[in-house]
Amino acid sequence: MSDDHDPDEVDGSGEGDASATPHDPHREEFSEDPLAHAEARAGMTVSELVEQYGHAGIGAESVHEAGDVLAEMFGDDDCTVFLSLAGAMVPAGMRRIVADLIRDGYVDALVTTGANLTHDAIEAIGGKHHHGRDRDPEKTLREHDEQLRDEEVDRIYNVYLPQEHFALFEAHLRDEVFPALDEEGTVSIARLCEELGRANSEVNEQEDIDEAPGIAAAAYEHDVPIYCPAVQDSVLGLQAWMYSQTGEFTLDALADMTPLTDLAFDADDAGCLLVGGGVPKNFTLQTMLVTPRAYDYAVQVTMDPEATGGLSGATLEEARSWGKLEKDARNASVYGDATVMLPMLVAAARERVELS
């Protein structure tokens, strides 16, 4: 053998130094899209930060993808956008974000819970939610909640609400909302939500309330329908039932199906932003089952795992198998606290749409 033989040269047997063939031609190559490292610096906008997330992996990459899809959905002038809002989003301080989306034309229909509408109305008429106080270290959590019970304060994780605000809300319904519906007899849940929005808006202005009139008022003022398929699972629904015992007013739970389906049927493009799961998420997604189309865009924010088999954690890929999403729909899921993720995603998407 010659002394000048190249040690990297492959011999006739096909064997040789591995460095001669750094890439197996039969293996998919991943060098086209290497993971980089996100940058965080002073003065960055939210959109710039979310863009940086795209260089990273795991949850950061999901947030980046969701920001892209949401910006495309918001920027599509032909897209009818359905917002599904579950969880304690109003008590948690997300009320203005949702109301602004409605007022600024980003939402065409809202599907939410009676609880969110209840807490929204409480703030519209002058009530306030409060940051929870630190628990006495000498007391157990149970003793702390027993004390709150004695003080007539309701706790939602770390948010407190004095019970007298519920009394004001109930009076608001009896005096400002239900009487107008009494004249109509049987009405849809969307009609109840519309009347609630009108009353919230008018009382808020008349009483010169410091807090803004909120979500239902914004929807009323901008002709955005609110659907609340499980309204009876709330103080709002409970009070509606009690009032119906002696009045003419009652609710038709099926009456919303036609206008909601018509909205989806007539859409050129359709998109949904799903915040949390539960009934609002399913109600929003199942709308497409009775139309010849499906969602073109979908973004969901959830903390529920898919392994339970429950709808709240079900992936959007699973929804595609049902025909709720188009086969080529753009979709993304973010697993995390919606009180953290929703403001970030909305701010990033709005920045891209409005400042591009």
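Let's start with the largest pocket, which holds about 790 Å³ of space. Keep in mind that this is a predicted model. The pocket is lined by 36 residues. Closest to its centre are Ala88, Met89, Pro91, Ala92 and Gly93. Which elements give two or more residues to that lining? They are α3, β3, β10 (295-302) and α13. Helix α3 gives the largest share, with 5 residues. As for chemistry, the lining of the largest pocket has 16 nonpolar residues, 11 polar and 9 charged.

Now the enclosed space. How many cavities of 30 Å³ or more does the structure hold? The count is 1. The largest cavity has about 40 Å³ of space. Its lining is Ser47, Val50, Glu51, His64, Gly67, Asp68, Ala348 and Arg352. Three helices each supply at least two of these residues: α1 (46-53), α2 and α13 (338-355). By class, the cavity lining splits into 2 nonpolar, 3 polar and 3 charged residues. Note that α13 turns up twice. It lines the largest pocket, and it lines the largest cavity.

Next, the aromatics. A pair of rings is described by the distance of the centres and the angle of the planes. There are 5 aromatic pairs in the structure. Take Phe74 and Tyr106. Their ring centres are 4.8 Å apart. Why is this pair called tilted? The planes meet at 45°, and tilted pairs are those that are neither under 30 degrees nor over 60, so the pair is tilted. Where do the two residues sit? Phe74 is in helix α2 (residues 58-75), while Tyr106 is in the loop between α3 (95-103) and β2 (109-112). That is a link between distant parts of the chain, 32 residues apart. Are they buried or exposed? Phe74 and Tyr106 are both buried.

A second pair is Phe178 with Phe249. This one is stacked, at 5.2 Å centre to centre and 25° between the planes. Again, distant parts of the chain are linked, here 71 residues apart. Phe178 belongs to helix α6 (residues 164-182). Phe249 lies in the loop between α9 (235-244) and β8 (250-252). Why does Phe178 count as buried? Its relative accessibility is 0%, and the cut-off for buried is under 20%. Phe249 is also at 0% relative accessibility, so Phe249 counts as buried. Tyr243 comes in here as well: ring pairs link Phe178, Tyr243 and Phe249 into a cluster.

One more ring, with a charge this time. Lys324 places its charged end over the ring of Trp322. The distance to the ring centre is 4.8 Å.

Last topic, the strands. Strands of a sheet pair through backbone hydrogen bonds, either parallel or antiparallel. Look at β4 (residues 153-156) and β5 (residues 159-162). They run antiparallel, joined by 4 bridges. Which residue of β5 is the bridge partner of Val153? It is Pro162. Asp154 has Leu161 of β5 as its bridge partner. Together β4 and β5 make a hairpin, with 2 residues between the strands. In that turn, Tyr157 has a positive phi of about 55°.

The hairpin is part of an open sheet of 3 strands, in the order β3-β5-β4, with antiparallel pairing. Which strands are at the edges? They are β3 (130-131) and β4, each pairing on one side only. And β3 takes us back to the opening, where it was among the elements lining the largest pocket.

Key
Residues numbered from 1 in each chain as written. Predicted model: local features only at pLDDT ≥ 70, side-chain atom pairs only at ≥ 80, totals over all residues. Heavy atoms only, no water. Phe/Tyr/Trp six-rings, centres within 6.5 Å; stacked < 30°, edge-to-face > 60°. Buried < 20%, exposed > 50% of the residue type's maximum accessible area, 1.4 Å probe, protein only. Lys NZ or Arg CZ within 6 Å of the ring centre and 35° of its normal. 1 Å grid on protein atoms, 1.4 Å probe; cavity = no way out; pocket = protein on both sides within 12 Å on 5 of 7 lines; lining within 4 Å. Points joined across faces, edges and corners; volume = space filled by probe spheres on them. Nonpolar A, V, L, I, M, F, W, Y, C, P; charged D, E, K, R; others polar. Pairing = 2+ DSSP bridges.
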